[in-house]
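Subject: Structure handover

Hi,

Here is the structure I promised to pass on. Please open it alongside this email. My notes follow below.

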Amino acid sequence: MTPLPVGDSGGLAPGPVTPGLLDRVRRRVAASGSPPTPALVASALREEGGALRGDAELRTVLQALQSEIVGAGPLEPLLRDPSVTDVLVNAPDEVWVDRGEGLQRTAVRFADDTAVRRLAQRLAAPTGRRLDDAQPWVDARLAGGVRLHAVLPPIAPAGTCLSLRIARIRVFTLEELTAAGSVPPDGALLLARLVASRAAFLVSGGTGTGKTTLLSALLGLVDQRDRILLVEDAGELAPDHPHVVRLEARPANLEGAGAVTLRDLVRQALRMRPDRVVVGEVRGAEVIDLLAALNTGHEGGCGTLHANSAQDVPARLEALAAVAGLDQQALHSQLASGLRLAVHLRRAPTGRRRVAEVCVLDRGTDGLVRAVPAWSWDGATAAGTPGPGAGRLAEVVTG
């Protein structure tokens, strides 16, 4: 379907078909329970008192209705743009996108806040999640892999806020990331040796720094005889590997039942004869089960973690474990013997993503694990710089 021209009328091309008439036609077509065929649309328009001036106008209305009923309305062309990773609606007349070069404001407009709210509720409905005055926010995964987050007034006083993050399943090799300037050649060699060593590691960084992209590339280097068990909240990792088994979490239904957590899935993965257990994003109590696995003979485990720096990784894991009831001493004991390295990514204001640092996780005399810088790269030089932990890093990656 050809994307609609988008303007101040909320997605309609100029003409006698107003947003109000389109809304009435939409409700009539939806009430019929039939697909929005050209004949049904034309009939609904006649019944609502509208008139069309030809096939082109009928196609415009038909496309608008299809986007309204089964698509993302005025946002549909943005979601189809392969360069767009995020679509953010702050207000009916304020829609932003991220194409990897920072946020850019678009010309897309909604008729009013009611239209934004209606779209958010319609997108949330198939996921089995509520979005109304009693539950004014939603965080869900749409069928096409788009991550939906929406907040309604009065929680968002200025109007409905809608955030859509698109998972672009594009698998990059480590060679391609090197060519793109995300990692220098010596860093790529180091990461390849890390994977071959079967040392357990985490890829850390902020939102949008490329953690999933790098981890997918590294998993593509895993020995093809190995069986990889992927545990994810939603499928984003796409390693180029012949033996990958995926397990995905499931939220509770409207009655609050049926949830399957990452912690549940890590436990199941350990019973499925894994060579490598991978947690797409460590963000909760599953950290306990992952560390337990890494301490019971499951080598080469890995995952991603949100953190401001590699040095913050132990503290972040400590905070996650504390919520699950594991105290500091126990966590650091598990961490010291189970996890070896942290690979940290940064994103420049220009949107460029790079591997910034590799740290060795070593236990100090006080029993606490610290991230010791072993290799760093500023993105400008041709090679990285060794740090205080370089000798220990060499020992880890050579097994």
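Start with a cysteine: Cys161 is partly exposed, with a relative accessible area of 28%. Keep in mind that this is a predicted model. Cys359, by contrast, is buried, at a relative accessible area of 0%. There are zero disulfides in the structure.

The overall picture

The chain has 399 residues, and 46% of them are buried. It holds 13 helices and 15 strands. Take the contacts between residues at least 6 apart in sequence: 54% of them join residues at least 24 apart.

The six-strand sheet

One open sheet has six strands, in the order 3-2-1-6-5-4. Its pairing is antiparallel. Strand 3 (103-105) and strand 4 (137-141) are the edges, each pairing on one side only. From one strand to the next, the twist averages 15°.

Look at one edge of this sheet. Strand 2 (residues 94-98) and strand 3 run antiparallel and are joined by three bridges. Val97 has Gln104 in strand 3 as its bridge partner.

Helix 5 (residues 113-124) lies across strand 1 (86-91), strand 4, strand 5 (147-151) and strand 6 (161-165). The helix runs at about 135° to strand 5. Helix 5 has twelve residues and spans 17 Å from its first C-alpha to its last, close to the 16 Å expected at 1.5 Å a residue.

Which residues of helix 5 are buried? They are Ala115, Val116, Leu119, Ala120, Leu123 and Ala124. Seen down the axis of helix 5, the buried residues fall within an arc of 165°, so they line one face of the helix. Their cover includes strand 1, strand 4, strand 5 and strand 6.

The nine-strand sheet

A further open sheet has nine strands, in the order 9-8-10-11-7-12-13-14-15. Here the pairing is mixed. The edges are strand 9 and strand 15 (385-386), and each pairs on one side only.

Helix 8 (residues 211-219) packs on this sheet. It touches strand 7 (201-205), strand 8, strand 10, strand 11, strand 12 (341-347) and strand 13 (353-363). The direction of helix 8 makes about 170° with that of strand 11. Helix 13 (residues 390-397) lies across strand 12, strand 13, strand 14 (369-376) and strand 15. Helix 13 runs at about 90° to strand 13.

Strand 8 and its neighbours

Strand 8 (residues 228-232) is worth a look. Five of its five residues are buried, so the strand is largely enclosed by the rest of the structure. Both of its faces are covered. Ile228, Leu230 and Glu232 are buried on one side, and Leu229 and Val231 on the other. In a regular strand, side chains alternate between the two faces of the sheet.

What does strand 8 pair with? On one hand there is strand 9 (residues 244-248), parallel, over five bridges. Leu229 has Val245 as its bridge partner there. Strand 10 (residues 276-279) also runs parallel to strand 8, with four bridges between them. The partner of Leu230 in strand 10 is Val278.

Moving along the sheet, two bridges join strand 10 to strand 11 (residues 302-306), and these strands run parallel. Val279 stands opposite Gly303 in strand 11.

Best wishes

Note on methods:
Residues numbered from 1 in each chain as written. Predicted model: local features only at pLDDT ≥ 70, side-chain atom pairs only at ≥ 80, totals over all residues. Heavy atoms only, no water. Pairing = 2+ DSSP bridges. Axes fitted to C-alpha atoms, helices over the stretch in contact; angles between N-to-C directions. Contact = heavy atoms within 4.5 Å. Buried < 20%, exposed > 50% of the residue type's maximum accessible area, 1.4 Å probe, protein only. Disulfide = S-S within 2.5 Å. Expected span 1.5 Å × (residues − 1). Arc of directions from axis to C-beta.
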